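Colleague: Could you walk me through this model before I head back to the bench? I would like to hear about its charged pairs and its pocket.

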Amino acid sequence: METKGMWYKEYRQGRRFFIKIRPGESLVDNIKHFASKEKIHSAVILSAIGSVKNVRLNDIKSGAKLPITAARLTVHELEGPLELLGLTGNIVPDESGEVNCHLHIIASKSSGDVVGGHMYDAQVFATCEIVLVELVIEGIERHLSVTGGTPTVFFDED
């Protein structure tokens, strides 16, 4: 459905999972592998706690204009370990039907400073516990947005 300034689609909750990822493992690789194994097409991450290291973030530079290009982004690499305060995001298939994760992380340094942003990947340090909910929804895919310059969710017309 489309209404002034936005699009939306109703969904139903599917299966719910509590996932634990072992130390040294990639968050993104494990989430993608899990979604593929369980045949999850769309999902949302409700919460995640634990600790991480080797975090790779990508943030939009201050004053950037659309479309977002590589020159308008800042890549951050944080060695850690960091306390994982939160991980949020969604899983939506890309144009080819493959699992595509859009994830944002919040983590704290030993100083207490909090960092966060769009997460490309991170390794689990001691543990990572994730609550994931499958979304039962048709007609949703992630495509590259010409206007925004980044992959974003698109809905089929109803």
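Colleague: Is R15 buried, partly exposed or exposed?

Modeller: Happy to help, and do keep in mind that this is a predicted model. Buried would need under 20% relative accessible area, and exposed over 50%. R15 has a relative accessible area of 33%, so R15 is partly exposed.

Colleague: Which side chain meets E134 in a salt bridge, and how many residues apart in sequence are the parts that this pair ties together?

Modeller: The partner of E134 is R15, at 3.0 Å from N to O. E134 lies in strand β8 and R15 in strand β3, so the parts tied together are 119 residues apart in sequence.

Colleague: Is E134 buried or exposed?

Modeller: The cut-off for buried is under 20% relative accessible area. E134 has 12%, so E134 is buried.

Colleague: Which strand holds E77, the salt-bridge partner of R56?

Modeller: The side chains of R56 and E77 meet at 3.5 Å, N to O. R56 is partly exposed at 35% relative accessible area, while E77 counts as exposed at 61%. R56 lies in strand β4, and the pair ties together parts 21 residues apart in sequence, with E77 in strand β5.

Colleague: Good to know! Which element gives the most to the lining of the largest pocket?

Modeller: The largest pocket holds about 570 Å³ of space and is lined by 23 residues, with H102 and H118 among those nearest its centre. Elements that each supply at least two lining residues include α1, β4 and β8. The top contributor, with 5 residues, is β7.

Note on methods. Residues are numbered from 1 along each chain as its sequence is written. This is a predicted model: local features need pLDDT of at least 70, side-chain atom pairs count only at pLDDT 80 or more; totals for chains, interfaces and linings use all residues. Side-chain values use heavy atoms; hydrogens and water are left out. On a 1 Å grid over the protein atoms alone, a cavity is a set of points where a 1.4 Å probe fits but cannot get out, and a pocket is an open set with protein on both sides within 12 Å along at least five of seven lines; lining residues have an atom within 4 Å of a point. Grid points are joined across faces, edges and corners, and a volume is the space filled by probe spheres set on the points. Helices (H or I, at least four residues) and strands (E, at least two) are DSSP runs, numbered from the N terminus. Buried means under 20% relative accessible area, exposed over 50%, partly exposed in between (1.4 Å probe, protein chains only). A salt bridge is a side-chain nitrogen of Lys or Arg within 4 Å of a carboxyl oxygen of Asp or Glu.
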